[in-house]
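Got your viewer open and a selection box ready? Let's walk through this model one stop at a time, picking residues as we go.

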Amino acid sequence: MNLKLADKGIFRRNKQTPQSLIEEIERVRLNLEFSSFENNSKVIIFTSPSYKEGKTTIVTHLGAALAENGQNVLLIDIDIKKPSLHKVFKIKNTVGLTNVLTGQKTSEETINQTNIGRLKVLTAGPIPYSTEKVFKSTTLDQMLEKLSKSFDYILVDSAPALQGNDTRIFASKCDGVIMVVKDGKTENARAIEAKKALEIAKANLLGVVLNAKPKGLLSKIF
């Protein structure tokens, strides 16, 4: 059984939410909290070697699980060209992260409240002239430093690590990286290539989540 973006009921933890899904997400949550404590990591980016390997799904479900366990969580969508979080939470993407980084809006003006009290979302926003330039700016460093004081966890949903430079630039500014790979889809060579690319960018790889494994939803290798 695979995780699906369409399964939005998870965010409300209603009776239709599969118990097996809740249990697998809880295991990943506990591993993440333990790893974050050990590594003093609060801003964590999720990426994958390619598209359609499940990172957006993992980020949203994990964010909901952390929030429902008392943590203040912010999800940020940095996949500017192919954003997803606004679709999952059914909110507009007319303003977002890029407006903050270009000085047009403040983070307070752009962060969205979800139907889970402690879970908020910053959508990607419109495509800027140069994403690479705004991601390299000190404005991003200042924004992350400021938001880190308001949230227990900041989970970043990104483009694939091998898709342009944006994710690797952003990853170098985060406390840690978790790579999502999909059973039966992700090729070993692509996973190794993505790992090397992140290392070259001086990103801190915390672990790997194996999505859609046989006889289960998730596996984790921290």
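Start by selecting Lys-202, which counts as exposed because its relative accessibility is 71%. The model is a predicted one, so keep that in mind at each stop. Lys-202 sits in the loop between α9 and β7 (205-211). Check its backbone while you are there: phi is near 65 degrees, a positive value in a residue other than glycine. For context, most residues other than glycine have a negative phi.

Next, select Lys-90, where phi is again positive, near 55 degrees, in a residue other than glycine. You will find Lys-90 in the loop between α3 (85-88) and α4 (97-101). Is Lys-90 buried or exposed? With a relative accessible area of 67%, Lys-90 is exposed.

**A patch of positive charge**

Now select Lys-52, Lys-82, Lys-87, Lys-185 and Arg-190 together; these residues form a positive surface patch. Zoom in on Lys-185, in the loop between β6 (176-182) and α9 (188-200). Its relative accessibility is 38%, so Lys-185 counts as partly exposed.

**Salt bridges**

How many salt bridges does the model hold? The count comes to six, and three of them are worth a visit here: Glu-26 with Arg-29, Glu-33 with Arg-29, and Lys-173 with Asp-141.

Select Glu-26 and Arg-29 and show their side chains, which meet in a salt bridge with an N to O distance of 2.8 Å. Both belong to helix α1 (residues 19-39); they are three residues apart, so about one helical turn separates them. Glu-26 and Arg-29 are both buried.

Keep Arg-29 selected and add Glu-33. The side chains of Glu-33 and Arg-29 also meet in a salt bridge, at 2.8 Å from N to O. These two residues of helix α1 are four residues apart, about one turn of the helix. Glu-33 counts as buried because its relative accessible area is 18%, under the 20% cut-off. Arg-29 has a relative accessible area of 7%, so Arg-29 is buried as well.

For the third stop, select Lys-173 and Asp-141, a salt bridge whose closest N and O atoms are 3.0 Å apart. Lys-173 lies in the loop between α8 (166-171) and β6, while Asp-141 belongs to helix α7 (residues 138-148), so this pair ties together parts that are 32 residues apart in sequence. Lys-173 counts as partly exposed because its relative accessibility is 23%, and Asp-141 is partly exposed at 32%. Compare this with the earlier stops, where salt bridges that share partners join Glu-26, Arg-29 and Glu-33 into one network.

**Into the interior**

While helix α7 is in view, select Met-143, which also lies there. Met-143 has a relative accessible area of 5%, so Met-143 is buried. Add Leu-97 and draw a distance between the C-alpha atoms: Met-143 and Leu-97 are 9.8 Å apart in space, with their positions 46 residues apart in sequence.

Move on to Ser-158, in the loop between β5 (153-157) and α8. How accessible is Ser-158, and what does it count as? Its relative accessibility is 0%, so Ser-158 counts as buried. Show the side chain of Thr-47 too, and you will see the polar contact between the two side chains, at 3.4 Å.

**Pairs from distant parts of the sequence**

Select Ser-50, in the loop between β1 (43-47) and α2 (55-68). Ser-50 is buried because its relative accessible area is 19%. Which residue, 136 residues apart from Ser-50 in sequence, has its C-alpha 7.7 Å from that of Ser-50? Select Thr-186 to see the partner.

Finish at Asn-39, back in helix α1. Asn-39 counts as partly exposed because its relative accessibility is 40%. Look from Asn-39 to Gly-176: these residues are 137 residues apart along the chain, and their C-alpha atoms are separated by 8.5 Å. For a last detail, show the backbone of Ser-35, whose oxygen lies 2.7 Å from a polar atom of the Asn-39 side chain.

Methods:
Residues numbered from 1 in each chain as written. Predicted model: local features only at pLDDT ≥ 70, side-chain atom pairs only at ≥ 80, totals over all residues. Heavy atoms only, no water. Patch = residues over 30% accessible without salt bridge, like charges linked within 9 Å, V, L, I, M, F, W, Y side chains within 5 Å. Areas by Shrake-Rupley, 256 points an atom, 1.4 Å probe, with all protein chains shown as cover. Salt bridge = Lys/Arg side-chain N within 4 Å of Asp/Glu carboxyl O. Lys, Arg positive; Asp, Glu negative; His and termini not counted. Charge placed at Lys NZ, Arg CZ, Asp CG, Glu CD. Buried < 20%, exposed > 50% of the residue type's maximum accessible area, 1.4 Å probe, protein only. Polar contact = N/O pair within 3.5 Å; in protein donor to acceptor, adjacent residues only side chain to side chain.
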